[in-house]
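Visitor: I have a model on my screen and a few questions about its architecture. Could you walk me through it?

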Amino acid sequence: MGKMDFIGKASSSAGGWGALKSVGKRLLESGAPISGARTLLKANQPDGFDCPGCAWGDPEHGSSFEFCENGVKAVAWEATEKRVPPDFFASHTVTELRGWSDYDLELQGRLTNPMRYDRATDKYVAVSWDEAFAEIGSVLKSVPDPNRAEFYTSGRASNEAAFLYQLMVRLYGTNNFPDCSNMCHEASGVGLKASVGVGKGTVLLEDFEHADAIFCIGQNPGTNHPRMLGDLRRAALRGARIVVLNPIREKGLERFTDPQDKVEMITGSSAKIATNYYQPRQGGDMAAVRGMSKVIFAADDAARAAGQPAIIDYDFLSEHAVEFDAYRAAVDATSWDVIIDQSGLTREQIEEAANIYMTSNAVIATWAMGVTQHKHSVITIREITNFMLLRGNVGRPGAGLCPVRGHSNVQGDRTVGIDEKAPPALIDALEKELGVPMPRDRGHNTVEAISAMLDGKAETFIALGGNFLRATPDSPLIIKAFEKQRLTVNIATKLNHSHLVPGQVSYVLPCLGRTEIDRNSKGVSQIVTVEDSMSMVHGSGGINKPASPELKSEVAIVAGIAEATLGNAHVNWRAMAEDYDLIRDMIERVIPGFHNYNERVRVPRGFHLRNAAAEREWNTPAKKATFFTGALPEKTEHQQALGEQGVFVLQTFRSHDQYNTTIYGMDDRYRGVYGERQVVFMNPKDMEKLGAKAKQRVDVIGEYGDGIDRVAENFRLVPYNIPEGSIAGYYPELNVLVPLHSYGEGSFTPTSKSVLVSVRLRTDAETEAA
């Protein structure tokens, strides 16, 4: 398919032969199709490695062979035979590499040696590990105030690496922990903690086998966590009703062909996923859920008036909840006109969805970034929790709250201490363990870290994985922030754009991947651990030979920096790097729930971290589940856009050939886009109003109103089934339009799903010039 014919036929279902073809293509591109295929046999297995992709859960019992298309891509991406040795950097300046695409940079392969930026030649040059650690430690020791240093963590980091990292940073003297959770999932933790006392989901994977209904809100599992499709498919086939609330029609939520089902593959058939699919306006989920509660209250009143059993579980509420009456008053005070206008759904649709909830004995509510990346995300999550509490759908089999995390260990990193809010219990335990005071003041989250870097209040930046430059909003501002730093350090497996905006001193330190064998100096293989979205903690041991003999593990790199910066007075860093059991022993001593850590994590499938809310123990101030009783937002961004001529609300999302900022390929077959990423999806009626046609080139202009010009130039229009007034496109290409200071109330998460923009048609001359 030629580039000018980039709009093509979308897959009729998720999975199927398209998935197998894509898997084969990625394995061939890796340069190691046979070894890559063998590696896949150990993905998510008790004696293998945890998939470096998404955080979808594993069952507490069982050992099914299961991986997904995106998991294959993640493994092939990491297990590639391609290498980026020092000779590569000798041939390319940093200035030149900054002009490369994200895809082309990572396509070069695995980093092999520690590299230091040489400003005189504008190139990275190889250095020894000892040199790197010594200079990094020297710069960190010279920083006048530890709070002028920022320490970023990617969700790829293991529990062991993350715990050692937070230990180093707190001994250094700060709680500055910007992390990927700040940018994606923070609202779930904040909202759930306020409502049920635990900032995690309350379900196990086994609960999906017993749910009568599953409400999927603001998520696209077909692209973001495809293993979830298998569980949704099994639920649908046994008769569970699956209700989807998502502004965009996504293939994976409509139909799924299981590549491991021989009949479906041979016949080309597929299983229907959503029994009911509703397309609310951007940011309209809270209004839709409140509308369902309004239906439930009316139906309950009618049932009781007729002498029939109550629909609401009053026994549960009496024993386990507070503020119910205030919530009822808030719902009564919310008019149907407001609900319909804000949600974008009809009253009939809301009543239909509510009836499914009322006639189901066990319900799961699951959501992802379509809910968490709005200004009003925290109260939306609390509204979802209210809705679930009405019939006691928290803390019993087949029912519960299920926020789906992104990267494979983003939840585990927070559990073991990557938290700028300095949990008092953790600080108390660390002080008792080490006998030294720890910082207790709140540190910087991601937005605050960037602001501090821009304002000259932070002068060093260290990243444990990730691609901070491309993951964060307001891309040009992030470049300016990096350029002001005395020190930038990136611990990584592959080259990315964050490495190409060096500070005065800049290092790229190559680390082992999840699939690679991690041996200590005595040749003994070590395992790491991760925690998935269902709070299952399991071990992960690589099976592949490291991409380079120069690679160190994330744990060893953190230990090396820590020793060079802090010495060994309080922690024997080398001993920790030599034996990860010692790290797990310390985790066990300072973090509740990890008793017998080293023993339990070596059991197939690991163990489950206790979730108090799942056992109806509520760690809230009232010691009960607490209803949110506030009003709906006065106006969502979508309502604002519809009230202004020529203004749209933009959401950024992934293509199907992408995971976070990693671009595996240029196709998005579920949406029918091929060989192109600079695209904008738009309702055909909106295109008609603009006088635009499919494939026409446009510029997308930010309308935040803060005096900063934000423009994404030369994108092509794709007609799509999306609500009028909404448009969508891929990140990181459209992150330039997301304002740094537009973030969720109470979460600080960038509002990447509700960005006000306008669209300008390009002239032929502008297009030719580009």
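Guide: We will take the sheet, then the helices lying on it, then one helix pair; note that the model is predicted.

Visitor: In what order do the 6 strands of the open sheet run?

Guide: The pairing in this sheet is mixed. Neighbouring strands are turned by 20° against each other on average, direction ignored. The order is S5-S4-S17-S16-S15-S6.

Visitor: Which strands stand at the edges of the sheet?

Guide: Look for strands with a single partner strand, so that one side is left without a neighbour in the sheet. Two fit: S5 (123-126) and S6 (149-153).

Visitor: In S15, which residue is the bridge partner of Thr153?

Guide: S6 spans 149-153. S6 pairs with S15 (residues 460-464) in the parallel sense, over 5 bridges. In S15, the partner of Thr153 is Leu464.

Visitor: Which helix lies across S15, S16 and S17?

Guide: Helix H8 (residues 159-172) lies across S6 and S15, at about 170° to S6. The helix across S15, S16 (487-492) and S17 (505-510) runs at about 145° to S17. That helix is H27 (residues 554-566).

Visitor: At what angle do H15 and H19 pack?

Guide: H15 covers residues 285-305 and H19 covers residues 347-358. Their axes are 9 Å apart. The crossing is right-handed. The angle is about 65°.

Visitor: How many residues of the contact of H15 with H19 are nonpolar?

Guide: H15 contributes residues including Ala288, Gly291 and Met292. H19 contributes, among them, Ile350, Glu351 and Tyr357. Of the contact residues, 1 is polar and 1 is charged. The nonpolar count is 10.

Notes
Residues numbered from 1 in each chain as written. Predicted model: local features only at pLDDT ≥ 70, side-chain atom pairs only at ≥ 80, totals over all residues. Heavy atoms only, no water. Pairing = 2+ DSSP bridges. Helix = DSSP H or I, 4+ residues; strand = E, 2+ residues; numbered from the N terminus. Axes fitted to C-alpha atoms, helices over the stretch in contact; angles between N-to-C directions. Contact = heavy atoms within 4.5 Å. Left-handed = near helix turned anticlockwise from the far one by under 90°. Nonpolar A, V, L, I, M, F, W, Y, C, P; charged D, E, K, R; others polar.
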